[in-house]
Amino acid sequence: LFLRDTNGDDRADTREVLLSGFGTGDTHQNINSFTWTPGGELLFCQGLHNFSRVETPWGIVRMDEHGVWRLRPRRMQLQAFRGCSGQNPWGLSHGHWGEPFAKSNGNAVSELLPVMVHTENRHPPLDIGGTRIKSMICEIIDSPALPEDLQGNIVIAGYFAHLVDRLRITADGAGHRGELLEPLWRTDHQSFRPVDIQTGPDGALYVADWYNPIIGHYQASLRHPDRDKEHGRIWRLTATGRKVLQPPPYDMMPTAKVLASLATAPLKERERLRMILSNRYAKPGAASQIEEELATWLSSLDPDSSRLEHLLFEALCLHEWFEIVNKDLLTRLLGAQEPLARAYATRVVGRWHDRLNDPLQYLEKSVADPHPRVRLEAVVAASQFQS
């Protein structure tokens, strides 16, 4: 469903069904964990006992049992990937260079990239670490308002064990490795059930707490008097001695200043900036306006800046959001010094393959790149080609 507020009163004025046909065979395994990629794709998960047949302008897309969906909204392209860890994936996140991670409603965190290929066969997941017992959601910490030892950690909602868990993530070959650390937060209170975690615009950590002593399937009656159907909490976690952030009113800032903010904004805030720009230029025909703004911004970047390649990455992501193919920018990042910049540009070749002349030529260097992550991205990108 797309619910649109047209007059700013925080109530939906229009209601539009975008896609239908997603399975509803098991209500706690319905589509969930809606997460934007850096390039404006919407990822979401589906659990084991659901069978989907979704009609799109490109044909019917099927997914039997569990996996991850990818929607490219401006072209209404929907794709299904059947290779998630656990039978009930619930939680998605992306690193600083767009590295995708998935969390199962078991205990595993897994790499999503290697299984993002077009096939109806199931792929074995590539687990990189996990929690001790069932948990969900994976949020990557990048906030100057939180302690140094948390930066880069994946934090996980441990609803089963009444805690907030965390893993330290490090690069390992073409992928990553996760080391389980001491929980960020634990309690013996039996009703504490964290089910979602987000970094707020102020840099604090927000934890949604289902607050229920009874969870599970049929261990207890639906009519059990201890089931709490009224309460729920949202916790706000800050750090002693660190100031929370005061983000500027981006919605009222000109586009040039919003783009400039990408140079210093934390990970989650950059995601919000892209969404602001996407909303600002959502009307038909507005893509040419943002294309001009992006060109002006790119021409103003300092060629000697240590952040240059990451800003070029951000620019490429925004071109993806608006489905604007920029071959020069793509070629520039394919030759970047930073391997993860080359890797992401290689992924974009797969997305833009039907609008590039001789797309295989763009992958020629990537598939033989000295860094294994770039080679992996080349294999996955090639799997998207229709011929």
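**Exercise 1. The β18–β19 hairpin**

Task: In this predicted model, determine how many residues lie between β18 and β19 in their hairpin, and which turn residue has a positive phi.

Solution.
Step 1. Locate the strands: β18 covers residues 194-199, and β19 covers residues 205-209.
Step 2. Examine the pairing. The two strands run antiparallel and are joined by five bridges. Thr 199 has Leu 205 of β19 as its bridge partner.
Step 3. Examine the turn. Five residues separate the strands of the hairpin, and Gly 203 in the turn has a positive phi of about 85°.

**Exercise 2. The two faces of β19**

Task: Sort the residues of β19 into a covered and an uncovered face, and find which residue of β20 stands opposite Ala 208.

Solution.
Step 1. Recall the general pattern: side chains in a regular strand alternate between the two faces of the sheet.
Step 2. Apply the pattern to β19. Leu 205, Val 207 and Asp 209 make up the covered face, while Tyr 206 and Ala 208 make up the uncovered one.
Step 3. Turn to the pairing with β20, residues 233-237: five bridges link this strand to β19 in the antiparallel sense. Opposite Ala 208 stands Ile 234 of β20.

**Exercise 3. The second largest cavity**

Task: Find which helix gives the most residues to the lining of the second largest cavity, and divide the lining by class.

Solution.
Step 1. Take the volume: the second largest cavity holds about 50 Å³ of space.
Step 2. Go through the lining. Among its residues are Thr 199 and Gly 203, already met as a bridge partner of Leu 205 and as a residue of the hairpin turn. The lining also includes Asp 142, Leu 245, Lys 268, Glu 269 and Arg 272.
Step 3. Assign the helix. Helix α2, residues 267-280, gives the most, with three residues.
Step 4. Divide by class: three residues are nonpolar, four polar and four charged.

**Exercise 4. The largest cavity**

Task: State which residues lie nearest the centre of the largest cavity and which elements each supply at least two lining residues.

Solution.
Step 1. The model has three cavities of 30 Å³ or more, and the largest contains about 150 Å³ of space.
Step 2. Of its 17 lining residues, Glu 41, Arg 70, Arg 72, Met 116 and Arg 347 lie nearest the centre.
Step 3. At least two lining residues each come from β7 (67-72), α6 (339-352) and α8 (372-382).
Step 4. By class, seven lining residues are nonpolar, three polar and seven charged.

**Exercise 5. An open sheet**

Task: Give the strand order of the four-stranded open sheet and identify its edge strands.

Solution.
Step 1. The order is β3-β4-β7-β8, with antiparallel pairing.
Step 2. β3 (32-36) and β8 (77-81) each pair on one side only, which makes them the edge strands.
Step 3. Ignoring direction, neighbouring strands are turned by 20° against each other on average.
Step 4. Check one pair: β3 and β4 (residues 42-46) run antiparallel and are joined by three bridges. The partner of Asn 32 in β4 is Cys 45.

**Exercise 6. His 310**

Task: Is His 310 buried or exposed, and which residues does His 310 touch?

Solution.
Step 1. Place the residue: His 310 belongs to helix α4, residues 308-321.
Step 2. Compare with the cut-off. Buried means under 20% relative accessible area; His 310 has 7%, so His 310 is buried.
Step 3. Leaving aside residues up to four places away in sequence, His 310 touches His 96, Trp 97 and Arg 270.

How values were computed
Residues are numbered from 1 along each chain as its sequence is written. This is a predicted model: local features need pLDDT of at least 70, side-chain atom pairs count only at pLDDT 80 or more; totals for chains, interfaces and linings use all residues. Side-chain values use heavy atoms; hydrogens and water are left out. On a 1 Å grid over the protein atoms alone, a cavity is a set of points where a 1.4 Å probe fits but cannot get out, and a pocket is an open set with protein on both sides within 12 Å along at least five of seven lines; lining residues have an atom within 4 Å of a point. Grid points are joined across faces, edges and corners, and a volume is the space filled by probe spheres set on the points. Ala, Val, Leu, Ile, Met, Phe, Trp, Tyr, Cys and Pro count as nonpolar, Asp, Glu, Lys and Arg as charged, and the others, Gly among them, as polar. Buried means under 20% relative accessible area, exposed over 50%, partly exposed in between (1.4 Å probe, protein chains only). Two strands pair if DSSP finds at least two bridges between them. Contact means heavy atoms within 4.5 Å. Axes are lines fitted to C-alpha atoms, for helices over the stretch in contact, and angles run from 0 to 180 degrees between N-to-C directions.
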